[in-house]
Amino acid sequence: MNRRDFVRLGCATVIAEGAGKLRPAFAQSLAHPMAAALEPETHERAADFTLRIAPMTVELAPQVVISTIGYSNKVPGPLLRVRVGQRVAVEVVNDTDVPEYVHWHGLFVPSDVDGVEEEGTPPVPPHGRRRYQFVAKPAGSRWYHSHTAAMMDLHRGAYTGQFGFLMIDSANDPGLYDQEVFLALREWEPFLTTIDPDEEQPNPSDPTPEKPATPDPRPNGLEVSAPLYSINDKILGAGEPLRVRLGQRILMHLLNASASQIHRIALSGHRFQVIALDGNLVPAPQPVDVVEIAPGERVDAIVEMNRPGVWILGALRNVARQSGMGIVVEYANQQQQRAQWLPPQKARWDYTIFGKASPHPVPDQTIDMVFEKVPGGPHGINHWLVNGKEYPHQREFLFRQGGRYRLVFRNRSDDSHPLHIHRHLFELVEFNGKPTAGIMKDTVIVPAFGRVSVDLVADQPGLTLFHCHIQQHMDFGFKALFRYT
Ligand SMILES: [Cu+2]
């Protein structure tokens with residue numbers, strides 16, 4: 001029995017024991033944002049929110065307690081909820097021994113506020129504080145997280161509990177739902193391994209337009225895996241169930257806050273009406289059985305509660321779900337039932353079904369970006385090349401203000417990568433040969449040997465980081481800077 005099997009067996013026991021108990025954890029994890037603003041302030045104007053970065057423990061289940069670093073002793077951190085256009089001041093206090101960066105993912109903020117060392121944002125010094133001030137835009141589901149390099153230290157950056165939801169409410173939300181829930185997908189206690197049976201396997205029928213004629217014979221390096229999973233801060237069955245009533249419409253804000261894994265999620269017997277991707281409303285909302293969501297991405301969906309029972313909302317991969325990736329959804333007056341998992345009918349995910357058919361303006365320039373892996377071998381780490389070079393590049397990619405750019409992402413590796421551009425939105429133009437329009441995102445999965453094109457209008461002057469949202473890939477070369485001329 002290896003370490004992972006051992007941990008799994010331990011968790012299975014805990015899940016069985018925990019399933020009958022009710023704990024008030026879920027409600028706590030959705031604490032009102034004002035709860036965060038209790039710190040005394042030294043500035044003239046009181047901060048709207050205070051985040052305290054400090055070591056903490058998380059009780060994933062009774063007798064499964066892990067130690068990590070979090071924001072204000074909560075995982076996820078406090079929900080920061082603001083109105084679009086609101087001036088926001090967030091005071092960040094760093095109670096650790098290392099510099100930290102808080103990144104406001106999906107917001108249009110200047111480089112010196114974005115929380116990114118490569119863009120020149122000053123750090124929150126160890127045992128010091130720093131105030132981030134910005135105008136909250138655009139409206140939608142955003143989030144905040146550590147943007148610190150971790151390299152070989154799996155207790156830093158995205159491997160920690162430093163992440164939280166940031167909701168920017170628009171002035172015209174019709175509010176067509178009865179309940180709103182925030183669900184963050186996470187893994188814990190990461191370790192390095194050459195075997196990753198947990199990976200989502202690519203579908204053999206997927207197109208692979210960037211596959212080289214001859215496969216790379218070099219053996220892969222160590223990648224990050226994890227034995228424990230949770231939604232918010234609880235292993236499946238250990239927290240409060242999500243309590244619903246027949247006929248209710250539940251707005252689910254899904255976030256993948258994982259440092260390394262793409263997940264596919266289903267709610268047994270129900271469908272997700274996807275209304276927004278990365279917080280931006282889609283042109284053609286559609287019902288789907290399965291939501292695929294990569295590190296950094298958000299999916300907003302409405303689920304109509306039309307099948308009474310007690311159900312599992314969880315990962316399709318048995319290994320991930322049985323190791324904690326899930327939450328129980330319980331209809332009123334059904335408590336006596338056991339939570340059931342029904343595998344979904346259609347497990348395919350395709351961004352383009354949420355788009356529209358319309359021509360794109362001709363871009364001013366097309367920028368080809370080729371991504372390759374340098375396999376690390378059984379004792380090393382894979383390194384990543386953008387157009388033949390690891391970060392830093394001798395010359396940055398260039399934007400002219402107001403220019404319209406088409407970025408063509410060519411993934412010449414056998415892994416899928418969630419690619420993120422800071423401080424901008426882009427529009428999906430083509431996904432593995434399928435054209436689409438109207439889908440605005442800040443992070444997009446480029447499948448193994450796949451090709452994705454996006455259009456971006458360069459309207460946010462300042463250094464702009466581009467990277468894979470898998471922490472290890474970013475740390476080992478998979479990033480680049482765009483500079484405005
Ligand atoms: Cu990657």
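1. A nonpolar core here is a set of buried Ala, Val, Leu, Ile, Met, Phe, Trp, Tyr and Cys residues joined through side-chain atoms within 4.5 Å. With that in hand, the largest such core in this predicted model has 66 residues. Met252, Phe272, Val274 and Phe409 have the most contacts inside this core.

2. A second core lies apart from that one. This other core has 22 residues, including Leu80, Val102, Leu107 and Ile168. As background, nonpolar side chains tend to be buried together in soluble globular proteins.

3. Take Val274 from the largest core. Leaving aside residues up to four places away in sequence, Val274 touches Val282, Pro285, Gln286, Val288, Val291, Val299, Asp300, Ala301, Trp349 and Phe354.

4. Now take Val102, from the core of 22 residues. Val102 is part of strand E5, residues 102-105. Why does Val102 count as buried? Because its relative accessibility is 0%, and the cut-off for buried is under 20%.

5. The surroundings of Val102 deserve a look. With residues up to four places away in sequence left out, Val102 touches Ile53, Tyr71, Val92, Val113, Asp114, Gly115, Tyr132, Tyr144 and His145. Phe163 is 61 residues from Val102 along the chain, and their C-alpha atoms are separated by 8.9 Å.

6. Next, the metal site. Which residues coordinate the copper ion? They are His417 through ND1, Cys468 through SG and His473 through ND1. The distances are 2.0 to 2.1 Å. Along the chain, the donors follow the spacing H-x50-C-x4-H. His417 and His473 link distant parts of the chain, 56 residues apart. His417 sits in strand E26 (residues 417-421), whereas His473 sits in helix H4 (residues 471-475). Both His417 and His473 are buried.

7. Strand E26 also belongs to a sheet. This sheet is open and has five strands, in the order E24-E33-E32-E26-E30, with mixed pairing. Strand E24 (397-399) and strand E30 (443-446) stand at the edges. Each has a single partner strand, so one side of each is left without a neighbour in the sheet. On average, neighbouring strands of this sheet are turned by 25° against each other, direction ignored.

8. One pairing in this sheet can be read in detail. E26 and E30 run antiparallel, joined by four bridges. Leu419 stands opposite Val444, which is in E30. Strand E26 thus ties two points of this note together: His417 of the copper site lies in this strand, and E30 is joined to it by four bridges.

Technical notes:
Residues numbered from 1 in each chain as written. Predicted model: local features only at pLDDT ≥ 70, side-chain atom pairs only at ≥ 80, totals over all residues. Heavy atoms only, no water. Donors = N, O, S within 2.8 Å, 3.2 Å for Na, K, Ca; no water. Buried < 20%, exposed > 50% of the residue type's maximum accessible area, 1.4 Å probe, protein only. Contact = heavy atoms within 4.5 Å. Pairing = 2+ DSSP bridges. Axes fitted to C-alpha atoms, helices over the stretch in contact; angles between N-to-C directions.
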